[in-house]
Structures are given as structure tokens and as C-alpha cells.
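Subject: The structure I promised you

Hi,

Here is the structure we talked about, ready for you to open. Have a look at it first, then read on for what turned up.

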Amino acid sequence: MDTLPAGLWERMLRKRRIDTASGCWMWCGSKTSIAGRPAAEQYGEVRVNYKLMRVHRVAAALQLGFDHDPDKDVCHTCDTPLCFNPNHLFIGTRAENNKDKSRKGRSAYGAKSGRSDLTEERIVEIFIARHVDKLGVREIGRRFKMSHAGISNLLSGNRWPHVTRPLIEQYAK
């Protein structure tokens, strides 16, 4: 990584607001603008050597010795993207970061992922069609405009397990 300019840390500290309850150093400068993301999921950005960089990654470089390895993430123990308090940051792999998010219930899955046409309500309807209306998998697939393999994956609990496993238990009775 390029050498970080002198005075960068002091410049960053002038753009923080300390949350006394959490200890987070909230970035008050510019923020990422990712389409469809709420403000609570935005990261702070700072210009370093004519390049926009995420504030928590710069903080990790300046205070934790992070070398901007592209195979490593700078993770938050506080789960607050705008926080750049070095005491709230740790270096991990992408897999470790994803595991941490999942363990804390912050992973986008199901309807939250933004990639699915399904909703939890439609999955319940699929289970009712199968277990109450006694429809076959192919008929359910036609009704819901899904492949029969997709329907089978739902009914077996292989997809959307956070929704399907309780339904499997309910209808197994």
C-alpha cells in the first residue's frame, strides 16, 4: 500500500462523534453510497492519496498495522459500519467475517438477501399446498412458477431452513 500521509489520523479524529454508550467512534465524514442499502449499513470513506478508502480499513492500517491485504477483512466487534475505533476492529479472513455475521444474525438470507422472489409467506403456502391440499411437487411448481427441484429443496428443508425446518416439524405430526 502507498504510504499514508502525515496528519491523516488527526484529520480522521476531527470527523468522529464518540457514542458514549457503545464507545464507537462514529464517522461523520463522507459515506459509501451503495444502492438499496440503508444508512445504517453504510461505511465511512476518506480520501487518501487521491483515492477513496473505507475509514475502518485506514484506521486498522494506522493503528493495528493492517497492510491492506485484499484477502483480509477489517471486522467490527461492535457491528457498526461507521465505527473506526481501533479497539472495536480486528483483522480476519472473509470466511471468518461471514461466520461472525452469521453467528450474530446479520447475514442477509431468505427474503432479506434481495436475490429471491420467494417470501416466507409463499413458502408457507407451498407447504400448505403439499401437506393440506395434497398437491404433487410438479403441480406446486406450476402453481408457484418454480421448478419441481426448487419445490423439493424447500419441502426437504435444503433451502430456506430458517423457515422450512419448523414447517417440516409442524407437518410431520
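Before anything else, a bit of vocabulary: helices here are DSSP runs (H or I) of at least four residues, strands are DSSP runs (E) of at least two, and both are numbered from the N terminus. Also keep in mind that this is a predicted model.

**The overall layout**

With those words in hand, you can read the chain as a string of elements: α-β-β-β-β-α-β-β-α-α-α-α-α, starting at the N terminus. That is seven helices and six strands. The chain has 173 residues, and 35% of them are buried. If you take the contacts between residues at least 6 apart in sequence, 45% of them join residues at least 24 apart.

**The strands**

Start with strand 3 (residues 45-48) and strand 4 (residues 51-54), which run antiparallel and are joined by four bridges. To find one of the pairings on screen, click on valine 46: its bridge partner in strand 4 is methionine 53. Strand 3 and strand 4 form a hairpin with two residues between the strands, and asparagine 49 there has a positive phi near 50°.

Next come strand 5 and strand 6, an antiparallel pair with five bridges. Here valine 74 is the one to click on, with isoleucine 91 as its bridge partner in strand 6. Is strand 5 enclosed or open? Four of its five residues are buried, so strand 5 is largely enclosed by the rest of the structure.

The loop between strand 5 and strand 6 holds aspartate 79. Its phi is positive, near 60°, and aspartate 79 is a residue other than glycine. At 25% relative accessibility, aspartate 79 is partly exposed.

**Helix 2 and what follows it**

Helix 2 covers residues 55-64, and seven of its ten residues are buried, so I'd call it mostly covered, given that buried means under 20% relative accessible area. The buried ones are Val55, His56, Arg57, Val58, Ala59, Ala60 and Ala61. What do these buried residues pack against? Their neighbours are helix 1 (8-13), strand 2 (25-27), strand 3, strand 4, strand 5 (72-76) and strand 6 (89-93).

Just after helix 2 you'll run into glycine 65, with a positive phi of about 80°. Glycine 65 belongs to the loop between helix 2 and strand 5, and with a relative accessible area of 61% it is exposed. You have already met isoleucine 91 as the partner of valine 74. Glycine 65 and isoleucine 91 are 26 residues apart in sequence, and their C-alpha atoms are 9.9 Å apart in space.

**Two helices that cross**

Two packed helices are described by the angle between their axes and the distance between the axes. Helix 4 (residues 120-131) and helix 6 (residues 148-156) have axes that come within 11 Å and cross at roughly 90°. That makes helix 4 roughly perpendicular to helix 6. On the helix 4 side, the residues that meet helix 6 are Ile123, Ile126, Phe127 and Arg130, and on the helix 6 side they are Ile151, Leu154 and Leu155. Sorted by kind, the residues of this contact are six nonpolar, no polar and one charged.

A little further along the chain, look for lysine 134 in the loop between helix 4 and helix 5 (137-144). Lysine 134 is not a glycine, but has a positive phi of about 60°. It is exposed, at 65% relative accessibility.

**The cysteines**

A disulfide is a covalent bond between the sulfur atoms of two cysteines. How many disulfides does the structure hold? Zero. To see why, remember that the two sulfur atoms must lie within 2.5 Å for a pair to count. For cysteine 24, the closest cysteine sulfur is in cysteine 78, and at 3.7 Å that is too far for a bond. Cysteine 83 also has its closest cysteine sulfur in cysteine 78, 3.8 Å away, which is again too far for a bond. Are these two cysteines buried or exposed? Cysteine 24 is buried, at 2% relative accessibility, and cysteine 83 is buried with a relative accessible area of 1%.

Have fun clicking around!

Conventions. Residues are numbered from 1 along each chain as its sequence is written. This is a predicted model: local features need pLDDT of at least 70, side-chain atom pairs count only at pLDDT 80 or more; totals for chains, interfaces and linings use all residues. Side-chain values use heavy atoms; hydrogens and water are left out. Axes are lines fitted to C-alpha atoms, for helices over the stretch in contact, and angles run from 0 to 180 degrees between N-to-C directions. Angles under 35 degrees count as roughly parallel, over 145 as roughly antiparallel, 65 to 115 as roughly perpendicular and the rest as oblique. Contact means heavy atoms within 4.5 Å. Ala, Val, Leu, Ile, Met, Phe, Trp, Tyr, Cys and Pro count as nonpolar, Asp, Glu, Lys and Arg as charged, and the others, Gly among them, as polar. Two strands pair if DSSP finds at least two bridges between them. Buried means under 20% relative accessible area, exposed over 50%, partly exposed in between (1.4 Å probe, protein chains only).
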